[in-house]
Amino acid sequence: MGRTYIVEETVGQYLSNINLQGKAFVSGLLIGQVSRMLPGGLLVLGVFIITTLEMGNDFQNALRRLVFAMEKSMNKRRLWNFTEEEISERVTLHICSSTKKIFCRTYDIHDPKSSAKPADWKYQNGLSTSWLSLECTVHINIHIPLSTTSVSYTLEKNTKNGLAHWAKQIENGVYLINGQVKDEDCDLLEGQKKSSRGNVQATSHSFDVKVLTQLLLNSDRRSTATVQICSGSVNLKGAVKCRAYIHSNKPKVKDAVQAMKRDILNTVADRCEMLFEDLLLNEIPGKKDSEKEFHILPHRVFVPIPGSTVMLCDYKFGDESAEEMRDHFIEMLDHMIQIEDLEIAEEINTACMSYSMNTEASLDNTDDEQPKQPIKATVILKIQQNIGI
């Protein structure tokens with residue numbers, strides 16, 4: 001007997017209403033855009049395909065390859081790793097267009113040679129109304145020094161390398177939930193009132209989270225500052241809105257903190273990736289690289305899911321209108337969205353990226369003599385008071 005997936009009833013209604021319209025099959029996979037739309041606590045479960053009865057067996061190998069390719073693509077983008085306790089199975093869902101029969105199979109993404117395992121796919125009403133939200137505003141001030149060797153890398157690669165270092169600070173941070181530090185194994189809803197049926201009822205569906213980075217290193221570790229000759233730097237500054245969701249069925253503090261951490265890391269990485277994509281698409285032919293650049297990162301927009309407490313998100317550049325965002329959500333979610341449904345979480349100029357380069361420092365120095373002008377040096381490890389981020 002395989003795993004059982006309990007799925008919101010509205011998902012089944014949506015899948016059953018998809019019409020092939022004379023096509024042999026219909027599939028759903030926009031992995032980059034879909035993963036960006038998911039706040040912390042949510043992830044892409046797998047892929048689905050709807051085919052005619054006679055074509056069902058033709059797509060099994062293709063679905064298997066898609067599942068592993070999907071996970072490989074997302075792993076490259078992530079600044080975090082799954083824990084050993086987390087489920088490593090992903091789903092392929094094959095639906096027959098005529099009989100509506102569902103064939104659900106799972107693959108272990110940690111095993112490239114994994115074979116398909118049958119699984120149950122069952123629908124239940126009202127599942128998506130039982131999610132709790134966690135909200136946090138993170139103030140980022142990330143300084144990424146560029147050494148004389150790394151300056152030859154692309155801005156995107158240098159930024160990603162710098163974010164990997166910052167991600168460790170987020171992972172090791174202290175998380176206050178409604179102003180309190182709680183043991184990670186404690187029940188998130190501990191102290192909440194119970195209903196007459198004995199179920200825990202949250203007095204609030206939303207928890208306020210604050211993040212503190214560590215001030216000092218562990219006492220048993222030696223602290224050494226490293227001085228490095230640099231030819232430039234990338235700086236990320238601003239405040240970003242973060243949001244995560246966790247199911248209300250006996251949630252643990254560690255699960256809530258984990259979901260929040262991943263949303264913080266995802267939203268900053270996604271904004272940078274979108275900025276680089278935008279710069280590439282709008283690159284001016286023949287334009288020389290500038291010694292100094294300044295860019296506004298896209299800001300976050302949330303949209304509700306009908307009948308659910310969960311909201312999805314996307315990102316908006318300053319020159320995009322609310323109408324364009326609405327149309328984009330309609331295209332992605334395949335249901336009607338009104339402009340007033342959009343929740344613009346941040347101001348336009350909330351977060352930015354700046355880039356500067358010292359061209360003299362990046363040139364090869366063939367002489368033994370020291371340059372007349374001192375090359376800018378950057379202290380990689382700074383001891384500073386950093387309550388917040």
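A salt bridge is a side-chain nitrogen of Lys or Arg within 4 Å of a carboxyl oxygen of Asp or Glu. The exercises below apply this and other terms to a predicted model, in which local features need pLDDT of at least 70 and side-chain atom pairs count only at pLDDT 80 or more, while totals for chains, interfaces and linings use all residues. Residues are numbered from 1 along each chain as its sequence is written, and side-chain values use heavy atoms, with hydrogens and water left out.

**Exercise 1. Salt bridges of E71**

Task: find the salt bridge between E71 and R78, then the one between E71 and R90, and state where E71 and R90 lie.

Solution.
Step 1. A search of the whole structure gives 16 salt bridges.
Step 2. In one of them, the side chains of E71 and R78 meet with an N to O distance of 3.2 Å.
Step 3. E71 also forms a salt bridge with R90, where the closest N and O atoms are 3.3 Å apart.
Step 4. Helices (H or I, at least four residues) and strands (E, at least two) are DSSP runs, numbered from the N terminus. E71 belongs to helix α3 (residues 60-77) and R90 to strand β4 (residues 89-96), so their salt bridge ties together parts that are 19 residues apart in sequence.
Step 5. Buried means under 20% relative accessible area, exposed over 50%, and partly exposed in between (1.4 Å probe, protein chains only). E71 is buried because its relative accessible area is 3%. R78 is buried at 14%, and R90 is buried at 3%.

**Exercise 2. A link across the sequence**

Task: describe the salt bridge of E343 and R243, and decide whether each partner is buried, partly exposed or exposed.

Solution.
Step 1. The side chains of E343 and R243 meet at 2.6 Å, N to O.
Step 2. E343 is in strand β14 (residues 343-344) and R243 in strand β10, so distant parts of the chain, 100 residues apart, are linked.
Step 3. E343 has a relative accessible area of 30% and is therefore partly exposed.
Step 4. R243, at 7%, is buried.

**Exercise 3. The network around D270 and Y315**

Task: which residues are joined with D270 by salt bridges that share partners, and what does Y315 touch?

Solution.
Step 1. R36, R77, D270, E273 and E277 form one network through salt bridges that share partners.
Step 2. D270 is in helix α5 and is buried, with a relative accessible area of 10%.
Step 3. Contact means heavy atoms within 4.5 Å. Not counting residues up to four places away in sequence, D270 touches R36, R77 and Y315.
Step 4. Y315 lies in strand β13 and counts as buried, at 2% relative accessibility.
Step 5. Leaving aside neighbours within four places in sequence, the contacts of Y315 include R36, D270, M274 and P298.
Step 6. A polar contact is a pair of N or O atoms within 3.5 Å; within protein, one must be able to donate a hydrogen and the other to accept it, and residues adjacent in sequence count only if both atoms are side-chain atoms. The side chain of Y315 has such a contact of 2.8 Å with that of T267 and one of 3.4 Å with that of R300.

**Exercise 4. The nonpolar core and helix α5**

Task: which residues touch the most other members of the largest nonpolar core, and which element gives the most to this core?

Solution.
Step 1. A nonpolar core is a set of buried Ala, Val, Leu, Ile, Met, Phe, Trp, Tyr and Cys residues joined through side-chain atoms within 4.5 Å.
Step 2. The largest such core has 53 residues, and W166, I264 and M353 touch the most other members.
Step 3. Elements that give two or more residues to this core include β7 (131-147), α4 (155-171), β10 (227-247) and α5 (253-281).
Step 4. The largest share comes from α5, with 13 residues.
Step 5. Apart from this core lies another, of 21 residues, among them F59, M70, M332 and L342.
Step 6. Of the 29 residues of α5, 21 are buried, so α5 is largely enclosed by the rest of the structure.
Step 7. The expected span of a helix is 1.5 Å times one less than its number of residues. For α5 this gives 42 Å, which agrees with the 42 Å between its end C-alpha atoms.
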